[in-house]
Amino acid sequence: MERVTELGDEAIAELCEAAAAAIIDGGGFGWVKPQPREVLARYWRGVLLVPERELFVAKLDGAIVGAAQLVRPPRNNEAQAFAATMMHFFIAPYARGHGLARMLVRRIEEGARALGYKVLNLDVRATQASAIALFESMGFVRWGTHPVYALVEGEVIAGHFYYKLLDGMPGRKRKARPGG
């Protein structure tokens, strides 16, 4: 698992192949149909240009087979400056069963902690049972469900929203009571 700041042609090709496989398998990115390789390549190059995003990749036998993005809150959102979001998480179907998904989530959590974030948020389609089981087993707490989260092949899909408190989240301050 590693954070990447540059992608060469071979890495782009591996990411495109893994992403296309994940999309065909029903997960990832919001796309529901495989995209042409040049569209995916532009997407990955664009991810690296967004200052609020950090790209982490999972490798198997030296090849990229999965990815996730750590997204920082916008600078004008001071009230939620303590919380980052994990987005576009996937492991290609042909690389599953090696513990890579769990390692990638841990790496994202480490990245969030290193940047000083106290909370990590994510959302996932309700149809992604394996991802849901993974996130819940790693301590993510479901706080809500959006009943009209996604539309896939004409079918409305619900989505679940999760958070995880990272180390050092301060408790809520209570308002002082008059006379007390």
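Here is a short walk through this structure, in numbered points, for someone meeting it for the first time.

1. Before anything else, please keep in mind that this is a predicted model. The values below are computed from that model, and residue numbers start from 1 along the chain as its sequence is written.

2. Let's begin with the overall layout. The chain holds 4 helices and 7 strands. Read from the N terminus, these elements follow the order β-α-α-β-β-β-α-β-α-β-β. The radius of gyration is 18 Å, close to the 16 Å that the globule rule gives for 180 residues, so the chain is as compact as a globular protein of that length. Along the principal axes, the C-alpha atoms fill a box of roughly 65 × 35 × 30 Å.

3. Next, how the chain is packed and what it shows to the outside. Of its 180 residues, 39% count as buried. If you take the contacts between residues at least 6 apart in sequence, 61% of them join residues at least 24 apart. The exposed area is about 10,400 Å², and carbon and sulfur atoms supply 51% of that area. As for charge, there are 23 positive and 19 negative side chains, with the centres of the two sets 11 Å apart.

4. Helix α3 is a good element to look at in detail. This helix covers residues 100-114, which makes 15 residues. From first C-alpha to last it reaches 21 Å, close to the 21 Å expected at 1.5 Å a residue. Just after α3 comes Gly116, with a positive phi of about 90°.

5. Which residues of α3 are buried? They are Leu100, Leu104, Val105, Ile108, Glu109, Gly111 and Ala112. A general point helps in reading that list: an α-helix has 3.6 residues a turn, so residues three or four places apart point the same way. The buried residues of α3 pack against the strands β2 (53-60), β3 (63-71), β4 (83-91), β5 (119-125) and β7 (155-165), and also against helix α4 (129-137).

6. Gly111 deserves a closer look within helix α3. With a relative accessible area of 7%, Gly111 falls under the 20% cut-off and is therefore buried. Leaving out residues up to four places away in sequence, Gly111 touches Phe56 and Leu70. The C-alpha atom of Gly111 is also 8.6 Å from that of Arg3, although the two residues are 108 apart along the chain.

7. Now turn to helix α1, where you will find Cys16. This residue is buried, with a relative accessible area of 4%. Its contacts, apart from neighbours within four places in sequence, are Arg37, Leu40, Ala41 and Trp44. Cys16 and Tyr43 are 27 residues apart along the chain, and their C-alpha atoms are separated by 9.3 Å.

8. Where does Trp31 lie? It sits in the loop between α1 (9-24) and α2 (37-47). Is Trp31 buried or partly exposed? Its relative accessibility is 24%, so Trp31 counts as partly exposed. Setting aside neighbours within four places in sequence, Trp31 is in contact with Ile23, Val39, Leu40, Tyr43 and Arg125. Leu40 is also listed among the contacts of Cys16. From Trp31 to Ala19, 12 residues apart along the chain, the C-alpha separation is 9.9 Å.

9. Two residues other than glycine have a positive phi and are worth finding on the model. Asp61 has a phi of about 55° although it is not a glycine. You can find Asp61 in the loop between β2 and β3. Asp61 is exposed, with a relative accessible area of 79%.

10. The other residue is His88, whose phi is near 55°, again a positive value in a residue other than glycine. His88 is placed in strand β4, and it is partly exposed, with a relative accessible area of 21%. Computed along the sequence, so to speak, His88 and Asp123 are 35 residues apart, while in space their C-alpha atoms are 9.4 Å apart.

Terms used. Predicted model: local features only at pLDDT ≥ 70, side-chain atom pairs only at ≥ 80, totals over all residues. Heavy atoms only, no water. Expected span 1.5 Å × (residues − 1). Buried < 20%, exposed > 50% of the residue type's maximum accessible area, 1.4 Å probe, protein only. Contact = heavy atoms within 4.5 Å. Rg over C-alpha atoms; globule rule 2.2 N^0.38 Å. Areas by Shrake-Rupley, 256 points an atom, 1.4 Å probe, with all protein chains shown as cover. Lys, Arg positive; Asp, Glu negative; His and termini not counted. Charge placed at Lys NZ, Arg CZ, Asp CG, Glu CD.
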